[in-house]
Amino acid sequence: MEKLNQKHKDYRPVYALLGLFCLAGVVVLAACLLNRQSMPLVGRELNADEREEVIARNSPLTQYVYLTANAAFPRERQIDTITIHHMAGTLELENLGLEFAKADRRASANYGIDVNGQIGLFVEEANRAWTSSNVENDSRAVTIEVANDEEGGIWHVSDASYQALIDLCVDICRRNGIQMLYYTGDAKGNLTTHKMFSDTECPGFYLESKLLDIANAVNTQLKNS
């Protein structure tokens with residue numbers, strides 16, 4: 001009996017450690033459940049009222065909504081920047097939403113634009129999307145993925161996508177108090193691209209060649225409004 005009691009005493013640190021692991025597991029599970037409850041619109045199809053509610057908080061140009069959990073809730077800084085990306089493909093908005101919904105992909109964008117110029121919302125502007133491989137930039141930027149209408153080459157985008165991009169940038173600037181877009185070719189401006197923060201060709205040659213034109217077109221509309 002004494003030997004048995006001694007064995008139990010010897011295992012007390014192990015029991016204590018197991019108890020701590022169990023407690024930690026319960027805490028993590030509770031945190032996940034609370035986090036999920038605080039994001040009731042994320043990761044599922046929305047009904048008409050919910051879509052209207054979400055669009056009212058973001059761009060009224062939005063035509064498709066599928067919110068992903070791949071984001072930081074809320075963003076850490078005030079919006080003062082727009083970052084342009086390309087999809088490196090011709091994904092439809094629904095397919096882009098499915099890609100962003102994959103937890104292991106750990107990628108997202110605030111908005112996406114398809115080849116027909118339709119605009120989708122995947123991360124609300126109040127939250128930080130995981131788009132640019134740079135927390136500081138994504139904390140301050142609304143990020144936009146634009147579909148290409150050709151694979152490879154100069155990664156061209158359609159005229160409809162290009163015009164929708166300008167319209168969306170104007171709307172983002174107006175609602176967030178951005179008076180002008182400045183494209184400087186580096187991260188010092190408030191019109192940025194993915195390749196400024198990561199070893200990538202994104203947003204592709206075509207969009208990169210148009211960034212100064214995009215800034216000028218947006219600024220003209222902002223000045224005239």
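Eight nonpolar, six polar and four charged residues make up the lining of the largest pocket. The structure is a predicted model. Its six-stranded open sheet has mixed pairing, and helix α4 packs on that sheet. Helix α4 also gives the most to the pocket lining, with three residues.

**Largest pocket**
- The pocket holds about 240 Å³ of space.
- Its lining counts 18 residues.
- Nearest the pocket centre lie H86, F100, R105, A107 and E145.
- Strand β3 (81-86) and helix α4 each supply at least two lining residues.
- The contribution of α4 is three residues, the most to this lining.

**Sheet**
- The strand order is β1-β5-β4-β7-β3-β8.
- The sheet is open, and its pairing is mixed.
- Its edge strands are β1 (64-65) and β8 (191-193), each of which pairs on one side only.
- Strands of a sheet pair through backbone hydrogen bonds, in either a parallel or an antiparallel sense.
- Between β1 and β5 (residues 119-121) the sense is parallel, over two bridges.
- V65 has L121 in β5 as its bridge partner.

**Helix on the sheet**
- Helix α4 spans residues 93-100.
- It touches four strands by name: β1, β4 (111-113), β5 and β7 (141-146).
- The direction of α4 makes about 145° with that of β4.

Conventions
Residues are numbered from 1 along each chain as its sequence is written. This is a predicted model: local features need pLDDT of at least 70, side-chain atom pairs count only at pLDDT 80 or more; totals for chains, interfaces and linings use all residues. Side-chain values use heavy atoms; hydrogens and water are left out. Two strands pair if DSSP finds at least two bridges between them. Contact means heavy atoms within 4.5 Å. Axes are lines fitted to C-alpha atoms, for helices over the stretch in contact, and angles run from 0 to 180 degrees between N-to-C directions. On a 1 Å grid over the protein atoms alone, a cavity is a set of points where a 1.4 Å probe fits but cannot get out, and a pocket is an open set with protein on both sides within 12 Å along at least five of seven lines; lining residues have an atom within 4 Å of a point. Grid points are joined across faces, edges and corners, and a volume is the space filled by probe spheres set on the points. Ala, Val, Leu, Ile, Met, Phe, Trp, Tyr, Cys and Pro count as nonpolar, Asp, Glu, Lys and Arg as charged, and the others, Gly among them, as polar.
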